[in-house]
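Student: I would like to take a close look at a single part of this structure and to see how it sits within the rest of the chain. Could you walk me through it slowly, in one connected account?

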Amino acid sequence: MGDKTKVFIAGQEGLIGGAFYEFFSTRPNIEVIDCPRSQLDFLDPQAVLRFVEKTRPDWFFFCVGKVGGLQLNSERPYELMESNTKFF
C-alpha cells in the first residue's frame, strides 16, 4: 500500500478553505496537514516557506484572505484589497 498524499490547506478555517478541509479530511488516501492561522502567520513569507519545507505537502491550496462581510467591504474596500495583496 502506498503512502498517503499530503495536502496543506492554508486558510482551513475560512469558507473556501474549510470546504477543502472537510472534503480532503474524509479521504482515506489523503493526509491533511493541520495548521490553523493561530500557528502560522501567512503574511510572513519566510515562515510559510519554512513550514512548507518542513511538512513537504504534495498539494498546497492557498485559501487565505482577509474578509469583513458586506459592511466592512463597503466601508473599507481598499484596506481589504491592500491587505489581501500582501499574501505572497
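Student: In which helix does T55 lie?

Tutor: T55 lies in helix α2, which covers residues 45-55, and since the model is a predicted one, what follows describes computed geometry. The setting is a chain of 88 residues, of which buried residues make up 30%. Its secondary structure comes to 4 helices and 3 strands, and from the N terminus on these elements run in the order β-α-β-α-β-α-α. Taken along the principal axes, the C-alpha atoms fill a box of roughly 55 × 25 × 15 Å. Among the contacts between residues at least 6 apart in sequence, 56% join residues at least 24 apart.

Let us begin with T55 itself. T55 has a relative accessible area of 12%, and because the cut-off for a buried residue is under 20%, T55 counts as buried. A polar atom of the T55 side chain lies 2.9 Å from the backbone oxygen of F51, a residue that is likewise among the buried ones of α2. When residues up to four places away in sequence are set aside, T55 touches K6 and I33. The strands β1 (5-10) and β2 (30-33) take in these two positions, and both strands are among the elements against which the buried residues of α2 pack.

The picture widens when the whole helix is considered. The buried residues of α2 are A47, V48, F51 and T55. They lie on the same side of α2, because the arc that they cover around the axis is only 100°. What these buried residues pack against is β1, β2 and β3.

The two ends of α2 deserve a separate look. At its start, a side-chain oxygen of D44 reaches to within 3.1 Å of the backbone nitrogen of Q46. After the helix comes R56, with a positive phi near 50°. Most residues other than glycine have a negative phi. R56 has its positive value although it is not a glycine, and its place is in the loop between α2 and β3. With a relative accessibility of 60%, R56 counts as exposed, whereas T55 is buried.

Helix α1, residues 15-25, can be read in a similar way, its buried residues being G17, G18 and F24. These residues are on the same side of α1, because they cover an arc of only 140° around the axis. On the other side of α1, the residues L15, I16 and E22 are exposed. The cover over the buried residues of α1 includes β1, β2 and β3 (59-62), and these three strands are also the ones against which the buried residues of α2 pack.

Within α1, G17 is a useful residue to follow. Its relative accessible area is 0%, so G17 is buried. Leaving aside neighbours within four places in sequence, G17 is in contact with I9, G11, Q12 and C63. By contrast, G17 and L43, which are 26 residues apart in sequence, have C-alpha atoms 17 Å apart in space.

One of the partners of G17 is Q12, which is placed in the loop between β1 and α1. Q12 is also buried, at 12% relative accessibility, and a polar atom of its side chain lies 3.4 Å from the backbone nitrogen of C35. Beyond residues up to four places away in sequence, Q12 touches G17, G18, Y21, I33, D34, C35 and P36. I33 therefore appears in the contacts of both residues, since Q12 touches I33 and T55 touches I33 as well.

Two other partners of G17, namely G11 and C63, lead on to the largest pocket. There, G11, R37, C63, V64 and G65 lie nearest the centre, among 17 lining residues. About 330 Å³ of space lies in this pocket, and its lining has 9 nonpolar, 4 polar and 4 charged residues.

Finally, P77 is found in helix α4, residues 77-85. P77 counts as partly exposed, at 34% relative accessibility. The C-alpha atoms of P77 and V67, which are 10 residues apart along the chain, are separated by 9.9 Å.

Definitions and conventions: Residues numbered from 1 in each chain as written. Predicted model: local features only at pLDDT ≥ 70, side-chain atom pairs only at ≥ 80, totals over all residues. Heavy atoms only, no water. 1 Å grid on protein atoms, 1.4 Å probe; cavity = no way out; pocket = protein on both sides within 12 Å on 5 of 7 lines; lining within 4 Å. Points joined across faces, edges and corners; volume = space filled by probe spheres on them. Nonpolar A, V, L, I, M, F, W, Y, C, P; charged D, E, K, R; others polar. Buried < 20%, exposed > 50% of the residue type's maximum accessible area, 1.4 Å probe, protein only. Polar contact = N/O pair within 3.5 Å; in protein donor to acceptor, adjacent residues only side chain to side chain. Contact = heavy atoms within 4.5 Å. Arc of directions from axis to C-beta.
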